[in-house]
Amino acid sequence: MKKRLLTTALTIGALSCLLSAEDTTFTSAHFSGSGNCTMCHNGMSDPSGNDMSIETAWSSTMMANAAKDPFWKAKIRTEINRNPHLEEVLNDKCTKCHAPMANTEAKFSGDTVKIFDDGFLNPNNTYHDTAHNGVSCTACHQIKDNGKLGTLEGMSGNYEIDGSRTIYGQYSDVFPNPMINNVDYTIQYSAHMDQSKMCATCHNLKTPYVDENGSLLSTTPESEFPEQMPYSEWEHSNYKDTKSCQDCHMKKVDGVRISTRPPWLDTQRDGFAQHMFVGGNKLLLDILNQNKTALDVTSNNFTTTIAKSDEMLKGAASIELLNTSLQDGTLEVTLRINSTTGHKLPTSFPSRRAFIHLKVSDQSGNTVFESGKVNSNGSIVGVDADSDRSTYEPHYDLITSADQVQVYESIMQNNLGEVTYTLLRGMNYLKDNRILPAGFDKSTAHPDIKVHGNASSDSNFVGGSDTITYRISGLTDTQYAIDTELLYQTLAYSWAQDLFSDSASEVAAFKGMFEASSMKTSQIASTHITISGSGTTPTLSECSDGLDNDGDGLVDMEDAGCSDPNDDDEYDAPEAAKACNDGIDNDSDGFIDMDDNGCSDINDDDESTPAPAVVLEEGFENGLDNWIVTGNGSVWTTHTNDPYEGVYSAYVNRTRADRPTYMEREINLADYDQATLSYHRRLKGLDAADDFSAEYFDGSWHPLEQLGSNKENGDYVAKSYSIPATATKIRFICETDAKGEKCYVDKVQIIAE
């Protein structure tokens, strides 16, 4: 009976391929199409009569349409065009999670994993149906809990599916025969199906990166670029102990009969997880819905999924007004964005951004201030990146100008320290100020999920919220309306323009769909208030009011007390004597004025001898931020194997012969006379063919330590060298040619005086 059913399914699938580019009733060696699951798992409802059909809910999700996603196809094509020699790497990395059944089946059969041309997206390709069925039922439910889920080894699409045709589910007391007889799968309970570590398989993704010549710089999974890490973000938050990914993205319902067959089986289940997989990507859902024929999309459920996505977005954060005041023509508004999301907001792929739109209107309805105005094409007025893709908008704690916009986003950085929109060039982040989940401690976050840029030192940017102040001057009215929105975009304008610079057909197709969509921008939260106060016409300063304010017979700019027309103090006070020219022992050390070593000249106003200052202290606990790493072989990274102190050290292993790697950073000693550079280094297995150097730069590079042909294989050695105040950079160089030859550097410190 089983054999006959499988043969029938294959025959139906073959006939269906003649009529459609995709057959959802296919059966392969390891997988079964989603259409085969509808027999038992559609037509379900909860006690209130709400539709609980699994395939219907899933069919209009991004998971179901992962390989049909036109943005994904366009982005992969541009990545291949920019680094064609890595097409094989891209094909494998990007289909593991967007076309998992095709990737798995092709590898089991020893066939080529390929996306374009004669690859998976071609209707004539053997694996087209398995690819187009996206992240389907028998893909997720066959992933084993092999002890690697939730670890680096089990992430980035490194799931395990074997040939046992075992389906894992969340219920232990199941009747297995219908599934065995109809689709040849044996269902088995496993707790991991309801745990966040299951989602980490694809939703923690690290990717390799290359230099400007296309040479691979990342050497290990640890050193790869953290393209998206929502699982790790969740794990570093309070949600780890209260809510799983499934709790938020798969709403639980009680009293659901999870199978319509056999008809006499009427067991109702509690905690049934709806397969809506709701997120915030309204843009792509709208594009899929509006371009069904072109994208081979069959679901008619997108309206429901888009509404659910909008509901989730509106529950992701809120705006709290902490303080408002209007006094003497200056309006000040302090607000707090409170996140109710279990990971950073926005999450995942770095094309996404959220931003604050704040508009102030006078009593006549005229706009007198506006920050974050969004245009119909998705660009934001005043955002640097939207007019110049080589720049980006910084994180703010105080906004005083309309061309300053608070944008929550991650900005990728290449190995040259430049902004990049090419995933294979992404080495680090120049900026990551995405709103943190509650409980997220940015001081202890792993380098893969740390905060980058100004937000790292913003004391108001903390786990669960960001507080920001707007200060608007020069107002003349006594009442204003303040409208504030937190808005979200799946695809930032700068990302779109970088993508559209490619002439590939996949890009052109997506561009037309993107420009036609009305869902480029979505609202997360909003507030409206009216404030009254003392709006006044700005008064003239003393140096431009036409009055002799200090009674010396001189008016405005004729008075030596006026530096410019905006100076509000006309009084010309005599200059006080400096500490090094006042005849007083100001620091009580027994020496006066120029007899004191603390005085550099008679205009020096500080007689005390400055204490040595720590200009630099680096233990590499936060990765290689502020360091520029270059090289054509293995390059400097951070490692936990052998730190001098703490958890991490800078580390490189086997750069290969004649391929040194450089780790360089800028320093500023302009305010000092002399400085000392100290560091601890361990050289393991270096022989006569290897080299290690420490150098400083003051217009040219000068060696402090150069190993040369000397051999070394030992423990950490402390080094200390004087460097001039004219030095502007330091760097460490390592070159090794054999496996096991390693350089470690830790506890780098510069003390200046």
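The paragraphs below go through charged side-chain pairs and then a sheet in this structure, which is a predicted model.

Salt bridges are a convenient place to begin, and the structure holds 36 of them. In one of these, R82 pairs with D498, and the closest N and O atoms are 3.1 Å apart. Because R82 belongs to helix 4 (residues 70-82) while D498 belongs to helix 17 (residues 493-500), this pair ties together parts that are 416 residues apart in sequence. The two partners can also be described by their accessibility: R82, at 28% relative accessibility, counts as partly exposed, whereas D498, with a relative accessible area of 11%, is buried, the limit for that term being under 20%.

A further salt bridge joins the side chains of R336 and E320, with a distance of 3.1 Å from N to O. Here R336 sits in strand 8 (residues 330-339) and E320 in strand 7 (residues 317-327), so the parts that the pair ties together are 16 residues apart in sequence. R336 is partly exposed at 25% relative accessibility, and E320 is partly exposed with a relative accessible area of 30%.

Strands also carry the pair formed by E409 and K431, whose closest N and O atoms are 2.9 Å apart. E409 lies in strand 12 (residues 407-413) and K431 in strand 13 (residues 428-432), and the salt bridge therefore ties together parts that are 22 residues apart in sequence. As for accessibility, E409 and K431 are both buried. Charged side chains can also be linked beyond a single pair, as with E233, K344, D432 and R434, which are connected in a network of salt bridges.

The sheet is the next subject. Five strands make up an open sheet, in which the order is 19-22-27-24-25 and the pairing is antiparallel. Strand 19 (628-631) and strand 25 (701-706) stand at the edges, and because each has a single partner strand, one side of each is left without a neighbour in the sheet. From one strand to the next, the twist averages 20 degrees.

Within this order, strand 22 is followed by strand 27, and that pairing can be looked at in more detail. Strand 22 (residues 661-666) and strand 27 (residues 729-735) run antiparallel and are joined by 6 bridges. For a reader who wishes to locate the pairing in the model, Y662 offers a starting point, since this residue stands opposite I733 in strand 27.

Definitions and conventions:
Residues are numbered from 1 along each chain as its sequence is written. This is a predicted model: local features need pLDDT of at least 70, side-chain atom pairs count only at pLDDT 80 or more; totals for chains, interfaces and linings use all residues. Side-chain values use heavy atoms; hydrogens and water are left out. A salt bridge is a side-chain nitrogen of Lys or Arg within 4 Å of a carboxyl oxygen of Asp or Glu. Helices (H or I, at least four residues) and strands (E, at least two) are DSSP runs, numbered from the N terminus. Buried means under 20% relative accessible area, exposed over 50%, partly exposed in between (1.4 Å probe, protein chains only). Two strands pair if DSSP finds at least two bridges between them. Axes are lines fitted to C-alpha atoms, for helices over the stretch in contact, and angles run from 0 to 180 degrees between N-to-C directions.
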